[in-house]
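The following exercises practise the reading of a protein structure. Please study the sequence and the structure before attempting each task.

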Amino acid sequence: MFAYHRFFLNNGLEVIVHEDHSSKIAVFNLLYKVGSRFEKPGKTGLAHFFEHLMFGSSANVPVFDRELELVGGSCNAFTSPDITNYYMTLPAANIETAFWLESDRMLQLTLSEKTIETQRKVVMEEYKQRYLNQPYGDVWHHMRDLAFEKHPYRWPTIGQSLGDIEGYTRADVLDFYQTHYHPGNAILVVAGDVSISGIEKLAEKWFGPIPSHPARPSEIDSEPAQASKRTREIQAKVPTDALYKAFKMPAKGEQGYLEADLISDLIGSGKSSLLEQRLVKNGKIFASVGGYITGSVDPGLLVFSGKMESGISSIAAEQALDEVIGEFIQTEISERDLQKIKNQGEAMKSYESIQLINRAMNLAYYAHLGNPELYWQEFEAKSIIEASQIKTWANRLLQEDQASVLYYQSSHS
């Protein structure tokens with residue numbers, strides 16, 4: 001564990017300070033509790049669009065990046081279905097610059113028609129380059145749409161369609177800003193060569209005067225129980241077929257979530273996994289294969305995916321995949337294999353915590369889930385899960401009627 005201090009401003013901003021005086025660097029991480037699951041059909045992609053808008057100008061900052069670079073800092077951001085996260089790294093001596101920049105764009109971002117149109121072009125170009133013109137680029141558009149019927153996880157963070165991005169009005173953008181970008185919907189983590197008292201003063205000075213907005217209840221459609229297997233075939237100009245098979249799984253923090261994570265690791269993570277050994281090393285069907293979870297705040301997906309060897313169909317590949325999954329369900333999990341996966345998780349956690357930026361992001365993320373302590377509690381809970389618990393959940397989750405399967409087929413074959 002690493003130490004942190006947590007406090008709240010009167011306007012609702014949650015602030016976490018993690019002191020680390022081993023270097024002269026500081027990380028300033030601001031998480032907003034908004035991602036693509038808070039969007040409505042027809043207006044999808046707004047959370048990601050906003051991430052772009054935030055790097056424009058605000059009332060007292062003509063160019064965000066330039067002001068930060070002048071004090072030796074760098075920045076970036078990402079949007080997920082659940083959150084939008086902005087982070088900066090800079091010399092700790094210049095930490096007040098980060099407070100100035102971030103508070104100015106929280107309070108008074110420039111949202112002129114010109115700014116909106118400029119970023120609209122950028123995002124539409126990104127959409128075309130990454131999702132329409134890349135081989136397999138639209139996989140998750142199809143996969144999400146297949147696996148979810150009601151829940152907003154059914155579209156990717158970039159947006160459901162170019163038409164949605166084209167259709168945002170300035171009123172849509174302003175409404176999104178006022179609803180989600182305010183102190184009561186944010187968590188600030190400052191980590192590095194800083195002091196708790198110093199950060200308390202800066203937080204009060206720069207963020208204290210910003211008003212919070214009344215919380216609007218966000219009505220997110222819950223996903224109805226899946227009754228039967230879903231399949232979709234896509235023809236595309238790609239080198240080889242690809243297969244994506246996803247099973248419904250519990251939300252982060254719910255019973256079964258950690259077991260699902262271990263199932264994906266045991267079956268499909270790394271070179272020694274079952275899938276790699278059976279289907280790539282000793283098989284002639286898959287060129288690559290793996291397993292992972294979406295790790296989402298609401299119930300998500302446990303996914304197995306891979307690309308086929310040339311000339312092999314994704315439908316034939318599913319049979320081979322099913323055999324390995326069936327073998328996993330039928331066979332006892334060895335303590336050695338389970339301990340190996342847990343050891344890898346521990347090594348990954350240790351490696352993660354070396355970097356200050358990872359510590360800051362994890363404190364913010366788990367605070368958003370309810371408490372920074374969950375970061376360690378989750379790890380401890382995972383380390384004591386027994387093989388029998390994993391088997392129980394494998395039997396429950398890896399059911400054909402809970403599967404959504406995308407056969408991504410090469411039109412060349």
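Five exercises follow, each with a worked solution.

This is a predicted model, in which local features need pLDDT of at least 70 and side-chain atom pairs count only at pLDDT 80 or more, while totals for chains, interfaces and linings use all residues. Residues are numbered from 1 along each chain as its sequence is written, and side-chain values use heavy atoms, with hydrogens and water left out.

**Exercise 1. The whole protein**

Task: State how many helices and strands the protein has, and explain why it counts as compact as a globular protein of its length.

Solution.
Step 1. The protein has 15 helices and 11 strands. Helices (H or I, at least four residues) and strands (E, at least two) are DSSP runs, numbered from the N terminus.
Step 2. The radius of gyration is 23 Å, close to the 22 Å that the globule rule gives for 413 residues, so the protein is as compact as a globular protein of that length. This radius is taken over C-alpha atoms, and the globule rule is 2.2 Å times the number of residues to the power 0.38.
Step 3. Along the principal axes, the C-alpha trace spans about 60 × 45 × 40 Å.
Step 4. Of the 413 residues, 54% count as buried. Buried means under 20% relative accessible area, exposed over 50%, and partly exposed in between (1.4 Å probe, protein chains only).
Step 5. Among contacts between residues at least 6 apart in sequence, 81% join residues at least 24 apart. Contact means heavy atoms within 4.5 Å.

**Exercise 2. The nonpolar cores**

Task: Identify which residues touch the most other members of the largest nonpolar core.

Solution.
Step 1. A nonpolar core is a set of buried Ala, Val, Leu, Ile, Met, Phe, Trp, Tyr and Cys residues joined through side-chain atoms within 4.5 Å.
Step 2. The largest core holds 55 residues, of which Phe-50, Ile-95 and Phe-99 touch the most other members.
Step 3. Apart from neighbours within four places in sequence, Phe-50 is in contact with Tyr-86, Leu-109, Leu-111, Val-173, Phe-176, Tyr-177 and Tyr-181.
Step 4. A second, separate core has 39 residues, including Leu-266, Ala-320, Ile-333 and Leu-397.
Step 5. In soluble globular proteins, nonpolar side chains tend to be buried together.

**Exercise 3. Two helices and their cover**

Task: List the buried residues of helix 7 and of helix 15, and name elements that cover them.

Solution.
Step 1. Helix 7 (residues 170-180) has Asp-172, Val-173, Phe-176, Tyr-177, Thr-179 and His-180 buried.
Step 2. Their cover includes strand 3 (25-32), helix 1 (46-53), helix 3 (95-108), helix 4 (113-132) and helix 6 (162-167).
Step 3. In helix 15 (residues 387-397), the buried residues are Ala-387, Ile-390, Lys-391, Trp-393, Ala-394 and Leu-397.
Step 4. Covering these residues are, among others, strand 8 (242-249), helix 9 (257-268), helix 11 (314-330) and helix 12 (335-354).

**Exercise 4. Phe-328 and Lys-248**

Task: Determine whether Phe-328 and Lys-248 are buried or exposed, and name their contacts.

Solution.
Step 1. Phe-328 is placed in helix 11, and its relative accessibility of 6% makes it count as buried.
Step 2. Not counting residues up to four places away in sequence, Phe-328 touches Ile-263, Leu-266, Ile-267, Leu-274, Ile-333, Ile-390, Lys-391 and Ala-394.
Step 3. Lys-248 lies in strand 8 and is buried, with a relative accessible area of 14%.
Step 4. Beyond its neighbours within four places in sequence, Lys-248 is in contact with residues including Ala-147, Glu-223, Arg-230, Leu-397 and Gln-402.

**Exercise 5. Two loop residues**

Task: Locate Ala-92 and Tyr-136, and describe their surroundings or backbone.

Solution.
Step 1. Ala-92 lies in the loop between strand 5 (84-91) and helix 3, and is buried at a relative accessible area of 10%.
Step 2. Ala-92 touches Lys-24, Ile-25, Ala-26 and Asp-193, not counting residues up to four places away in sequence. The C-alpha atoms of Ala-92 and Asp-193 are separated by 5.7 Å, although these residues are 101 apart along the chain.
Step 3. Tyr-136 belongs to the loop between helix 4 and helix 5 (139-147).
Step 4. Tyr-136 is buried, with a relative accessible area of 13%, and has a positive phi of about 65° although it is not a glycine.
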